[in-house]
Amino acid sequence: MKSGKVELAEKTFHGMVDKNLVTWNAMISGYVENSRGEDALKLFKKMTELEIQGNPSSLSSVLLACSNLSLLKLGKQIHQLIFKSPMYLDTKVGTSFISMYCKCGVLEDGWKLFMEMQHKDVVTWNAMISGYAQHGVSHKALSLFDEMRKQGTKPDWITFIGVLSACNHAGLVELGILYFEKMQKDYRIVVKPDHYTCMIDLLGRAGKLDDALHLIKRMPFEPHSAVYGALLGACRVHKNLEIAEFAATKLLNLEPSNPFAYVQLANVYAAMKKWESVCRVRKAMKDIKAIKTPGYSWIEIKSVIHVFRSGDRFHPELENIHNKLNELQKKIKLAGYVPDLESVLHDVTEDQKEQLLLWHNEKLAIAFGIINLPVGVPIRVFKNLRVCNDCHLATKYISAVEGREIIVRDTTRFHHFQDGKCSCGDYCVVHLEEIYDVITLAHPDVSGRTSSKTRELLNMSVSEILALGIDEMFIWTWEYYFDYCFAGFKSCILGYYQVM
């Protein structure tokens, strides 16, 4: 499992006649470590059906799977299951629950558990500090860090990841630099690549690109891809083409087929209206068959996970969602909202840009949540990319005109929208999704054509899609491959709630 050979581990596991708890735990944790949380939960379910009693390690892995998949309801069911068990008092278990609640967007429940725990180790403190940092409550994260030191718990290198993230999300550049230096001088902690990534992101968000570049050149080891990725992302926002090309070149030298470098460099060119350069980068990306990670959002309604992507044409309630979005668009425009057309980095008309923005995946999920969740219940949306500028702006207005609390988790943090404000204080450097790639599928009137592959897929049932081989799916463009993954993802999720 640790070497990534999951199939070999599965074969060995299933071939064993006698399996003890250590064997089951190794397999469950291995699935989680290899980003196969669905399989981890299935195996845990099978283990409980065989009446094999888990231990703190079992629960820790399962709760991490719930966190990664944002399965809040399942996490709560597990909490209820072991509430009266002796394991509930275990520090590792308690810490796992704190982390799960924070990562699923329920910060207050994580804090409540933290306060109830009688024994807290450094991992417990780290979970809560990181939780506050990820939710943008930077002052609480830094205050908790001070309290941790006062109570005699020595911070480790992970503690400072949370502290630097808290500074990053609040734009506390000078304080972040101070903590970065104190970590080395006062605590003798060896700086790791993740610390540098935090610092590059901190400096880059603040527009200090030259300082970020200088820090990279002073690193005592070869920078890894995340460092150049953070620098490249900041270059798009601050439109620094020279450093963007440098960062993209370095990133591609490390990972020649990394689609992120191509997408972000194309975004920099597009932001500067250099359309010929955009086409050149996209052609290069196509030539090496780099597949960009598709953007999507999901929301849980009545124990069912609903997944949306920009320009979605598959959801059964799509007509109601579009009607709701049109209604919301009118309301928020009256309240002062003006679409941020720069969030569409493509050479199309303004009307087309506005329509594309309206159908971004997080807006679809939010509208679906408003339709299906009663007033007073927070709308929790999760997405696999950063929220774009326009969606961030529109969601603030939607929270005001609808009187709803909307919580959006993207790849870096939680955004809590309420009464027209966001917890991030609008300090968020965003990486925009490439949405033109889905125009053929979602907006044939814009692209002017619909391919035979598209029509073939649209006529397929879910079972027919799942029957396709993975190699055949890769021949198609990434949006078709995503539909394959989406169908399987949704199918698996629906079964998880039967685990308990």
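Accessible areas are computed here by the Shrake-Rupley method with a 1.4 Å probe. On that basis the protein chain of this predicted model has an accessible surface of about 22,800 Å², of which 53% belongs to carbon and sulfur atoms. Of the 500 residues in the protein chain, 53% count as buried. The secondary structure of the protein chain consists of 27 helices and six strands. Among the contacts with a separation of 6 or more, those between residues 24 or more positions apart account for 67%.

The UniProt record, an unreviewed entry, lists residues 20-54, 90-120 and 121-155 under "repeat: PPR", and annotations of this kind may be inferred rather than shown by experiment. In the model, residues 90-120 are 74% helix and 0% strand, and the C-alpha atoms at the ends of that span lie 10 Å apart. For residues 121-155 the computed values are 74% helix and 0% strand, again with 10 Å between the end C-alpha atoms.

Helix α8, which covers residues 122-134, offers a way into this part of the chain. With its 13 residues, α8 reaches 18 Å from its first C-alpha to its last, close to the 18 Å expected at 1.5 Å a residue. Its buried residues are Thr124, Trp125, Asn126, Ala127, Met128, Ile129, Gly131, Tyr132 and Ala133. These buried residues pack against α6 (91-103), α7, α9 (138-150) and α10 (157-170). As background to reading such a list, an α-helix has 3.6 residues a turn, so residues three or four places apart point the same way.

Two of the buried residues of α8, Trp125 and Tyr132, lead on to the aromatic side chains. A pair of aromatic rings is described by the distance of the centres and the angle of the planes. With ring centres required to lie within 6.5 Å, the count comes to 17 aromatic pairs. One of them joins Phe114 and Trp125, with 5.2 Å from centre to centre and 80° between the planes; this pair is edge-to-face because an angle over 60 degrees falls in that class. The pair links distant parts of the chain, with Phe114 in helix α7 (residues 107-116) and Trp125 in helix α8, eleven residues apart. Both Phe114 and Trp125 are buried. Together with Trp111 and Tyr132, these two residues form one aromatic cluster.

The ring of Trp111 also has a charged partner, for the charged end of Lys140 sits over it at 4.7 Å from the ring centre. A second arrangement of this kind involves Lys192, which lies over the face of Trp157 at 5.2 Å from the centre of the ring.

Further along the chain, Met183 is found in helix α11 (residues 173-185). Met183 counts as buried because its relative accessibility is 0%, where the cut-off for burial is under 20%. Leaving aside neighbours within four places in sequence, Met183 is in contact with Phe160, Arg188, Ile189, Val191 and His195. The C-alpha atoms of Met183 and Asp156 are separated by 9.0 Å, although the two residues stand 27 residues apart along the chain.

One of those contacts of Met183, Arg188, lies in the loop between α11 and α12 (193-205). Arg188 has a positive phi of about 55° although it is not a glycine. Its relative accessible area is 69%, and Arg188 is therefore exposed. Asp419, which is found in the loop between β5 (414-418) and β6 (421-422), likewise has a positive phi of about 55° without being a glycine. At 60% relative accessibility, Asp419 also counts as exposed.

Two other helical residues complete the tour. Ser58 lies in helix α4 (residues 56-69), and Ser58 is buried because its relative accessible area is 1%. Not counting residues up to four places away in sequence, Ser58 touches Leu21, Asn25 and Met47. Ala226, by contrast, has its place in helix α14 (residues 225-238) and counts as partly exposed because its relative accessibility is 34%, a value that falls in between the cut-offs of 20% for buried and 50% for exposed. The C-alpha atoms of Ala226 and Asp194 are separated by 8.2 Å, while 32 residues separate the two along the chain.

How values were computed. Residues are numbered from 1 along each chain as its sequence is written. This is a predicted model: local features need pLDDT of at least 70, side-chain atom pairs count only at pLDDT 80 or more; totals for chains, interfaces and linings use all residues. Side-chain values use heavy atoms; hydrogens and water are left out. Rings of Phe, Tyr and Trp (its six-membered ring) pair if their centres lie within 6.5 Å; planes under 30 degrees apart count as stacked, over 60 as edge-to-face and the rest as tilted. Helices (H or I, at least four residues) and strands (E, at least two) are DSSP runs, numbered from the N terminus. Buried means under 20% relative accessible area, exposed over 50%, partly exposed in between (1.4 Å probe, protein chains only). A charge sits over a ring if NZ of Lys or CZ of Arg is within 6 Å of the ring centre and within 35 degrees of the ring normal. Contact means heavy atoms within 4.5 Å. The expected span of a helix is 1.5 Å times one less than its number of residues.
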